[in-house]
Amino acid sequence: MVGLLDGQGHIGAPLIPAAGSTVVPNRLDLDDGQLLANLLAVQAERGLPQDDALACIEQSVELYEGAGDVRFPNFSVEMETGTGKTYVYLRTILTLASRYGLTKFVIVVPSVAVREGVLKTIAQTRKHFAAIPGLPPYHPSVYAGQPGQVRAFAASNAVEVMVMTIQSFRNESNVIRKWNEGNAPPIHLLQAVRPVLILDEPQNMESEGGIAALAALNPLFALRYSATHRNPYNVIYRLTPFDAYREGLVKRLEVGAAIEEENANLPFIRLEGTEAAKRTLTAIVTVDVQATGGKVTRKPIKLKPGDDLAAKTKRTDYEGFEVAEISDHYVRFTNNVEIAVGGETGSQREAVIEAQIRFTIEQHFRKQKRIRDMGFNVKVLSLFFIDSVASFRADDGLVRALFIKAFDEAKQAYPEWRELSALDVQASYFASKVNKKGEVTVYDKPAPTTKDEREAQAREYDLIMRGKERLLSFDEPVAFIFSHSALKEGWDNPNVFQICTLREVGSETERRQQVGRGVRLPVDASTGERISDERVNVLTIAASESYERFVGGLQGEIEKEYGKDGVPPKPGNARKRISLALRKGHLLKPEFKELWDKISHRTRYAVSIDSAKLIDDVAADMADVEVRRPRVVVQVAKVRAEADEDVFEAIRTADASVAIDLEGRFPLPNIVALVENLMEATTPPMRIGRRTILSILKKLPAPERALANPQEFSTALVTAIKTRLSDQLVDGIQYERDGTWYEQRQFDDLIDAFADNVVQSVSKDGSGGTHIYDGVVVDSETIERPFAESLEKDDRIKLYVKLPAWFQVPTPIGAYNPDWAIVFGGDDGADHLYLVRETKGTMHLPDLRPDERRKILCGRKHFRDALGVDYRVVTGADQIPDQGV
């Protein structure tokens, strides 16, 4: 994000009169052209599509001086749920404050739930951020409807971070928009300071009223953070579900589906959705269709008004089901049966729910025992989404009764659970209100709309958000959590390992929202540390639809947002887990011994920096960099004295400003020390010698620019140095063996995997069966799966290994795990080739992300130069043995 403001100087903290008070505002000196150029540079660095214009929101807003136009740019950060979004934007805030002097930040959230999650992260990270050199202290606050709080925020010269729900300033009736005892509405003070907006889950703020509310704050610019943007605006960073999956930042997924089979005794109908076709709405329904041979198959068909299901399915069970009406949200038949999108009729719903609950409890018990046996102090939680509050809260509620029955039966096989009752281990979270008589009212609604309902939601989330740590402790018996619709954005717990969906999937993004409640990596109760072991990090979804339908819907939701390249491998089918066995005989083969002898050596690296080239390159890069002089921007206003009060009031009369050159009006810092500090205090931290910095300064054209504006000059110089230095770290790297090696005994005898993510390694017609396990776990459907399948069909492949995660090559930018090691050649062994291959979607390395490209270049030098092994990047197995780069 900070690269967007390249060229912006440090603004200081001037106190100016505004909105009937005095404030310390933010200021942006860059024009649209400079911002757009910076945006394109950031997008190019991240390999993102280039935008041709800034995405600005423009609105007419009631300002202190009267009606006026507000315009502000928006930049989007796409981060998959569970990957540290809140941490990232908090660190961004502090970096912007440190580098550019911005002091006013407002975090806008869509709900109380998200607000509580943000506050929890702020509390947990205060000491962490305080320990990072170069980051300033800051003052967090929660807007509580107090005008004095806003005045203090506006007048403070400290770094201020205020958290607000959008509901607190959206309507004219909000306190922040009202005059109070002659004082202007507090919102005018926020307008005057031009806050930087941090929008958490902005897809919930995209309505006309939501956009108007954001514009009413007159922000400097907005940074939008979400996994599921409705409108992406200018995207500056993207961490897709595939990236999160591949880098091990989230749990793996498996799906256990509870579905009816061979049951066509009742006329089953499920409405999957509706679509417009040729000016007519059609409905897509899943029904039981009778084939010519008499077999009944459940499959989707399309219906239009007037269609007769009995005729379409060739089954008399559907007599009377003639389509009377189709709308965007439901279909109605002539027999007055009406089905909503996602709803169904004719199913054995109670039996399916019982199967889901039983499966979830059994998975919970097994997983808790397995994790404890591995030596991890990690408590397992299960989360149930239910279709109505009464089904669990009422004494005779269906879900309540089925849970108690299944728990009591399953616990008999697990001694640690036998003494606990079902009611001891469960908790339910629903919005409720207690009246003066002590009577409890439960709100069974997806979202609160009245003041009473919002207050009830606040009490509910006060419990679940602030008590999350308690749930991680084994001293707290609660391990099974039930909720209706409350647990969406804003609530998650890292130790949720099972999610049981006892309600129909509604919106297009509901599967991702449900999964998002449990994808975070789990936490050890004794150390508080995250667990990165893939054997532990599996989230099981107990779905009320077929595995194929759930996975297809989930993949479709992701593909719709990111395209096919952003889709990770399909979640595994929990009912189709398999174990892949190590073929120990393969490890004894001469060709494997030779392969392992060549590739198993560990190395260390030395980085050779060509100081003269670095100096020349940086000097050339800086030749065209414009360093603007520091200046004072004067805003024109008139001062009015109130007739009945001894106060002066500043009224802004024009947006025009006059720049006054400040060159020579401040003490000059030590430029070398300033560059040194910025090199270490900015991300990623780097270090070069003072002599090299001095040589760069002497080589620069027009070095007097450094004296005109030392801070802006030093920031631009550090950017140029780091870019060139990063490339040299890779270009000049040299590897040598360190005398140690990876041992064959590090291969696990068995690997647990999902059957759908495995390519079987089986000998057939003289080829195949050559992987060291009897199956290959693939990380992508479009690249790794076809590659492994091709290896299995090629009789020239004598043996190959999908290199495990522990097989790593050290690099200056993080460990690199190469993909494949292959033995290729004839039967006599004389012409065997021993190869290492990296599979990518392109062989044009500049198209890859910068860090990905740099790791590959390091891997190439490790294998080729230090180990003498043929290493290449390929897009398919047909490029073996001598193609690739």
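How many bridges pair S15 with strand S16 in the antiparallel sense? The count is three, and strand S16 covers residues 330-333. Keep in mind as you look around that this is a predicted model.

## A sheet of three strands

S15 and S16 belong to an open sheet of three strands, which runs in the order S15-S16-S17 with antiparallel pairing. Strand S15 (323-326) and strand S17 (338-340) are the edges here; each has a single partner strand, so one side of each has no neighbour in the sheet. Going from one strand to the next, the twist averages 15 degrees. If you want a spot to zoom in on, try Ile326, which stands opposite Val331 in S16.

Now look at the loop between S16 and S17, where you'll find Asn336. This residue isn't a glycine, yet Asn336 has a positive phi of about 70 degrees. Asn336 counts as exposed, with 62% relative accessibility.

## Zooming out

Let's step back to the whole protein. There are 885 residues, and 51% of them count as buried. The secondary structure comes to 25 helices and 38 strands. Take the contacts with a separation of 6 or more: residues 24 or more positions apart account for 70% of them. The accessible surface comes to about 40,100 Å², and carbon and sulfur atoms hold 49% of that.

## Rings that meet

How many aromatic pairs does the structure hold? There are 29. Two numbers describe such a pair: the distance of the centres and the angle of the planes. Here are two of them:

| Ring pair | Centre to centre | Angle between planes | Kind |
|---|---|---|---|
| Phe365 and Phe407 | 5.7 Å | 70 degrees | edge-to-face |
| Phe787 and Trp820 | 5.0 Å | 40 degrees | tilted |

Why does the pair of Phe365 and Phe407 tie together parts that are 42 residues apart in sequence? Because Phe365 lies in helix H9 (residues 349-373), while Phe407 lies in helix H11 (residues 398-410). Phe365 is buried, with a relative accessible area of 0%, and Phe407 is buried at 0% relative accessibility. These two rings also belong to a cluster linked by ring pairs: Phe365, Phe384, Phe403, Phe407, Tyr414, Trp417, Phe480 and Phe482.

The tilted pair does a similar kind of linking. Phe787 is in helix H24 (residues 784-792) and Trp820 is in strand S36 (residues 820-824), so their pair ties together parts that are 33 residues apart in sequence. Are Phe787 and Trp820 buried or exposed? Both Phe787 and Trp820 are buried.

Rings can have charged company too. Arg372 lies over the face of Phe474, at 4.3 Å from the ring centre. The charged end of Arg126 sits over the ring of Tyr138, 5.0 Å from the centre of that ring.

## A sheet of four strands

Trp820 leads us to another sheet, since its strand, S36, takes part in it. Four strands form this open sheet in the order S35-S36-S37-S38, and the pairing is mixed. Strand S35 (797-802) and S38 are the edge strands, each pairing on one side only. The average twist from one strand to the next is 25 degrees.

S35 and S36 pair in the antiparallel sense over five bridges. Follow Lys802 and you'll get back to a familiar ring, as its bridge partner in S36 is Trp820.

Which strands does helix H18 (residues 590-599) touch as it packs on the sheet? They are S35, S36 and strand S37 (833-839), and the direction of H18 makes about 45 degrees with that of S35. Helix H25 (residues 850-866) packs on the sheet as well, touching S37 and S38; the direction of H25 makes about 155 degrees with that of S38.

## A few residues worth a look

Past strand S38 (870-874), in the segment that follows, sits Pro881. A cis peptide bond joins Ile880 to Pro881, with omega about 15 degrees.

Arg194 is in the loop between helix H5 (187-193) and strand S8 (196-200). Arg194 has a positive phi of about 50 degrees although it is not a glycine, and it is partly exposed, with a relative accessible area of 24%.

Finally, find Thr92 in helix H2 (residues 85-100). Thr92 counts as buried at 11% relative accessibility. Which residues is Thr92 in contact with, leaving aside neighbours within four places in sequence? They are Met1, Leu223 and Tyr225.

Methods:
Residues numbered from 1 in each chain as written. Predicted model: local features only at pLDDT ≥ 70, side-chain atom pairs only at ≥ 80, totals over all residues. Heavy atoms only, no water. Pairing = 2+ DSSP bridges. Helix = DSSP H or I, 4+ residues; strand = E, 2+ residues; numbered from the N terminus. Axes fitted to C-alpha atoms, helices over the stretch in contact; angles between N-to-C directions. Phe/Tyr/Trp six-rings, centres within 6.5 Å; stacked < 30°, edge-to-face > 60°. Buried < 20%, exposed > 50% of the residue type's maximum accessible area, 1.4 Å probe, protein only. Lys NZ or Arg CZ within 6 Å of the ring centre and 35° of its normal. Contact = heavy atoms within 4.5 Å. Areas by Shrake-Rupley, 256 points an atom, 1.4 Å probe, with all protein chains shown as cover.
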